[in-house]
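Please work through the following exercises with the sequence and the structure at hand. Each task is followed by a solution that goes step by step.

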Amino acid sequence: MVTRKHEESCILIVGLGLIGGSLAAALRASGYGRRDSDDLGGFGPAEQIVACDPDPDEIRRGLEMGLIDRGDTRLERVVDGASLIVLAVPVLAMRSVMGELARYLGDAAGDVVITDVGSTKAAIRDCALEVFGRMPANLVLGHPIAGSEKSGVAAADPELYIGHKVILTPEPDTDPAALARVQAMWSACGAEVLEMGVERHDQVLARTSHLPHLLAFSLVDTLARQDERLEIFRYAAGGFRDFTRIAGSDPVMWRDIFTANRDAVLASLDDFEAGVARLRVAVERGDGDAMLTIFDRASHARHYFESLLNKTSYQAEYQMQQQGNLRYRMSPGGAVVGRIRVPGDKSISHRSIMLGALAEGVTEIKGFLEGEDSLATLQAFREMGVAIEGPYQGRVTVHGVGLHGLKKPSGPLYVGNAGTAMRLFAGLLAGQAFDTELTGDTSLTKRPMNRVADPLRLMGAEIDTAEGGRPPLQLHGGRALKGISYDMPMASAQVKSCLLLAGLYAEGETRVSEPAPTRDHTERMLAGFGYPVHRDGDTCWLSGGGRLTAAPIDVPSDISSATFFLVAAAITPGSDLVLEHVGINPTRIGVINILKLMGADLRLENEREVGGEPVADLHIRHAPLKGIDIPLEQVPLAIDEFPALFIAAANARGITRLRGAEELRVKESDRLQAMADGLAAIGVEHTLYPDGIDIVGGGSAEGSNYGGGRIDSLEDHRIAMSFAIAALRASEEIIIDDCANVATSFPGFVDLARKVGLTLTEESGEEGA
Ligand code: S3P
């Protein structure tokens with residue numbers, strides 16, 4: 001049950017229809033004003049729900065249903081004593097109801113909080129300005145985004161608002177206490193309360209609600225006219241039903257909404273008509289490619305939306321807001337046995353879409369990582385007009401548009417949690433003819449982007465960042481880029497790749513020197529697409545003005561994801577695990593080298609090359625590990641693997657020392673700090689340094705090497721998965737908070753973890769639950 005956190009003595013609902021009635025029902029369900037509510041926290045009969053409706057039958061029904069304590073058809077008879085008044089009348093009735101309120105409330109007006117539920121906000125604000133002469137500080141306009149095609153109090157549903165959004169549109173003068181009271185009322189009904197400006201609300205709703213209703217009304221009406229006897233509806237199947245359900249909605253209410261939100265509705269209708277016209281041309285000409293582009297983009301946008309609705313979003317931040325906190329509860333102990341294949345490589349998946357889109361011809365990809373990060377890249381290209389089929393079980397077909405074929409996206413490109421996407425996009429988009437904006441989730445918004453913006457500016461790009469070089473990035477199109485020679489101050493494959501991609505559009509040579517070798521997937525894939533890339537020692541370069549030719553891509557399993565299970569097996573007695581088809585590119589195998597130095601029993605079997613990348617099956621068995629000084633040259637080769645390697649260190653005999661790893665501080669979280677905090681929580685001794693850590697391993701051959709505890713993953717996927725495997729050698733349960741972002745790089749982690757022998761329960765709920 002939803003908990004109540006508001007203290008209203010009397011809530012007056014003006015307009016007892018579906019929305020008002022459901023509000024009463026939801027308040028009752030939260031225990032509000034129930035006479036038998038002692039067991040629900042002692043709310044007494046002093047609390048009342050009162051209703052006013054011009055229809056006496058609705059009042060009678062509300063009383064019979066037990067939703068209201070009192071009701072009347074006349075406002076002046078019920079307004080006295082109300083502490084919060086909710087106007088749930090049709091939009092066009094607002095003016096007269098507000099006028100009555102102003103009259104009857106008189107001096108009491110200031111003490112009462114007033115809110116509404118209207119679907120348009122500017123028109124209702126205008127009513128208030130007209131009636132009150134200004135926006136009263138105690139009036140908080142709002143709109144619950146919930147409803148059904150049913151109407152009347154008889155259809156009242158106590159669960160109508162649970163998990164739904166309520167948008168409040170406070171004005172600068174709104175009293176914060178009044179706002180808080182309206183928020184509290186809706187929260188008690190189980191709604192998620194958001195704030196937005198009035199104009200923005202009306203534009204958003206015109207597109208997401210008003211336009212679809214207009215279309216549904218229009219389609220049903222058009223078909224009905226074509227066949228007076230409605231014969232046609234007998235044959236109407238699911239498509240008709242799904243598309244037109246909302247045409248059964250209340251006509252008066254919708255007339256009012258279209259009258260009140262005229263301008264925003266017309267603007268969205270114009271966009272829609274332009275879209276239909278484009279589609280019409282495609283159908284007329286039999287232009288299959290154009291149809292495929294539109295349908296594919298729409299189909300994926302719909303699936304994306306569905307996943308948002310089902311809270312399985314690839315936009316993990318959204319999921320986090322919705323679910324509060326996805327938690328892993330790990331039971332201590334277990335052994336790791338089996339033969340598994342982890343999902344495709346994240347770095348290669350991002351690049352496969354990028355180069356496939358910029359190539360001439362059709363690129364077939366297999367093994368694509370269907371994680372949130374790489375899906376964000378895929379979606380961004382769809383928004384730039386690239387037709388992409390899939391992913392279907394890791395298969396994706398990209399219909400390349402050539403280096404100059406991208407189209408301006410209609411809005412900012414949202415890349416979620418993906419630093420790789422943002423930095424590589426920055427290079428790729430800096431040379432386009434159009435402007436773009438790149439945004440991401442809260443974690444990405446904290447990450448440094450000057451490392452790419454600065455050298456791109458040297459190439460002639462015009463880029464604005466938020467304060468401190470953070471996202472969002474505004475890229476101004478139409479700038480002529482010229483090649484540069486750049487010495488990277490840090491070993492970063494993302495910076496290198498960004499500059500090489502910008503170099504495709506630059507005049508002359510773009511040269512990048514790296515202080516230490518970093519992953520070379522971009523160079524390999526460019527070469528595979530027929531674009532010459534040269535290397536001499538620590539420097540690689542290419543010349544602008546060439547072209548990319550589509551080529552098939554087979555994405556190996558991600559060694560960074562495999563790492564969690566490599567370490568799991570390495571630290572756990574009785575383990576014997578094979579990880580199939582893992583990418584072992586020499587710039588990525590730091591984890592293999594480090595684990596071997598620590599004494600792991602790890603063998604590479606069935607080594608082969610697939611589409612320009614070396615792969616192997618990794619066979620690992622438990623063996624006692626020893627602490628080591630991690631060689632400096634291995635650091636960039638194992639950069640994403642350190643969180644898991646710290647867990648290996650916590651189980652090794654002796655001290656493991658890491659230095660030269662300050663880059664870990666600017667990943668999805670400050671990984672040195674996050675891991676140190678987590679290790680402290682389970683009782684592993686360590687010393688933190690600005691660029692590394694010393695970890696004192698437990699080193700016992702059997703049993704546990706540390707305790708249990710509660711870990712804050714800081715929404716960082718790799719921190720979450722590292723402590724999940726740590727549980728294998730813990731003495732107590734380990735609980736890990738905020739794990740939703742595991743889906744950014746490793747969809748299916750939980751199932752695979754269970755399959756090989758970890759005991760993991762997923763929970764969702766409020767913080768601290
Ligand atoms: C990546 C490069 C690395 C790595 C990231 C993926 C890439 O980042 O940490 O997960 O695909 O190029 P840096 O370039 O910041 O080291």
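A polar contact is a pair of N or O atoms within 3.5 Å; within protein, one atom must be able to donate a hydrogen and the other to accept it. The structure is a predicted model.

**Exercise 1. Determine where Asp345 lies, whether Asp345 is buried or exposed, and which polar contacts its side chain makes.**

Solution.
- Step 1. Locate the residue: Asp345 is part of the loop that runs between β11 (337-340) and α13 (346-358).
- Step 2. Assess accessibility: the relative accessibility of Asp345 is 2%, so this residue counts as buried.
- Step 3. Search for a backbone partner: the Asp345 side chain reaches the backbone nitrogen of Ile348 at 2.8 Å.
- Step 4. Search for a side-chain partner: a polar contact of 2.9 Å links the side chains of Asp345 and Arg588.
- Step 5. List the surroundings: with neighbours within four places in sequence left aside, Asp345 is in contact with Leu369, His521, Val555, Pro556, Ser557, Asp558, Ile559 and Arg588.

**Exercise 2. Describe the position that UniProt annotates as "active site".**

Solution.
- Step 1. Consult the record: an unreviewed UniProt entry places the feature "active site" at Asp640.
- Step 2. Place the residue in the fold: Asp640 belongs to the loop between β28 (613-621) and α21.
- Step 3. Apply the cut-off: buried means under 20% relative accessible area. Asp640 has 12% relative accessibility and therefore counts as buried.
- Step 4. Collect the contacts: apart from neighbours within four places in sequence, Asp640 is in contact with Arg519, Ser560, Lys667, Arg671 and Arg718.
- Step 5. Check for a polar contact: the side chains of Asp640 and Arg519 form one at 3.4 Å.

**Exercise 3. Which residues does UniProt list for "binding site", and what surrounds Gln494 and Arg718?**

Solution.
- Step 1. Read the annotation: the unreviewed UniProt entry lists Lys346, Gly419, Arg447, Gln494, Arg671 and Arg718 for this feature.
- Step 2. Examine Gln494: this residue lies in helix α17 (residues 493-503). Its relative accessibility is 14%, so Gln494 counts as buried.
- Step 3. Find the partners of Gln494: not counting residues up to four places away in sequence, Gln494 touches Gly419, Thr420, Arg423 and Leu424. With Arg423, the side chain of Gln494 shares a polar contact of 2.4 Å.
- Step 4. Examine Arg718: helix α23 (residues 717-726) contains this residue. Arg718 has a relative accessible area of 2% and is therefore buried.
- Step 5. Find the partners of Arg718: residues up to four places away in sequence are not counted, and Arg718 then touches Lys346, Ser560, Phe564, Asp640, Pro643, Arg671 and Ser745.
- Step 6. Compare with the annotations: the residues touched by Arg718 include Asp640, the position given by UniProt as "active site".

**Exercise 4. State how helices α20 and α21 are arranged and which residues make their contact.**

Solution.
- Step 1. Take the axes: those of helix α20 (residues 590-597) and helix α21 (residues 642-650) come within 11 Å and cross at roughly 5°.
- Step 2. Classify the angle: angles under 35 degrees count as roughly parallel, and α20 is therefore roughly parallel to α21.
- Step 3. Name the residues in contact: Val591, Ile594 and Leu595 contribute from α20, and Phe642, Leu645 and Ala648 from α21.
- Step 4. Sort them by class: the contact of α20 with α21 has six nonpolar residues, with no polar and no charged ones.

**Exercise 5. Decide whether His201, Tyr32 and Pro552 are buried or exposed, and give the setting of each.**

Solution.
- Step 1. His201 is found in helix α6 (residues 198-226). At 0% relative accessibility, His201 is classed as buried. Not counting residues up to four places away in sequence, His201 touches Ser119, Thr120, Lys121, His143, Ile167, Thr169 and Met196.
- Step 2. Tyr32 sits in the loop between α1 (18-29) and β2 (48-52). Tyr32 also counts as buried, at 0% relative accessibility. Its side chain reaches the backbone oxygen of Glu8 at 2.9 Å.
- Step 3. Pro552 is in the loop between β24 (539-543) and β25 (553-554). Exposed means over 50% relative accessible area; Pro552, with 70%, is therefore exposed. The C-alpha atoms of Pro552 and Phe529 are separated by 9.0 Å, and the two residues are 23 residues apart along the chain.

Note on methods: Residues are numbered from 1 along each chain as its sequence is written. This is a predicted model: local features need pLDDT of at least 70, side-chain atom pairs count only at pLDDT 80 or more; totals for chains, interfaces and linings use all residues. Side-chain values use heavy atoms; hydrogens and water are left out. Axes are lines fitted to C-alpha atoms, for helices over the stretch in contact, and angles run from 0 to 180 degrees between N-to-C directions. Helices (H or I, at least four residues) and strands (E, at least two) are DSSP runs, numbered from the N terminus. Angles under 35 degrees count as roughly parallel, over 145 as roughly antiparallel, 65 to 115 as roughly perpendicular and the rest as oblique. Contact means heavy atoms within 4.5 Å. Ala, Val, Leu, Ile, Met, Phe, Trp, Tyr, Cys and Pro count as nonpolar, Asp, Glu, Lys and Arg as charged, and the others, Gly among them, as polar. UniProt positions are given in the numbering used here, feature names are shortened, and annotations may be inferred rather than shown by experiment. Buried means under 20% relative accessible area, exposed over 50%, partly exposed in between (1.4 Å probe, protein chains only).
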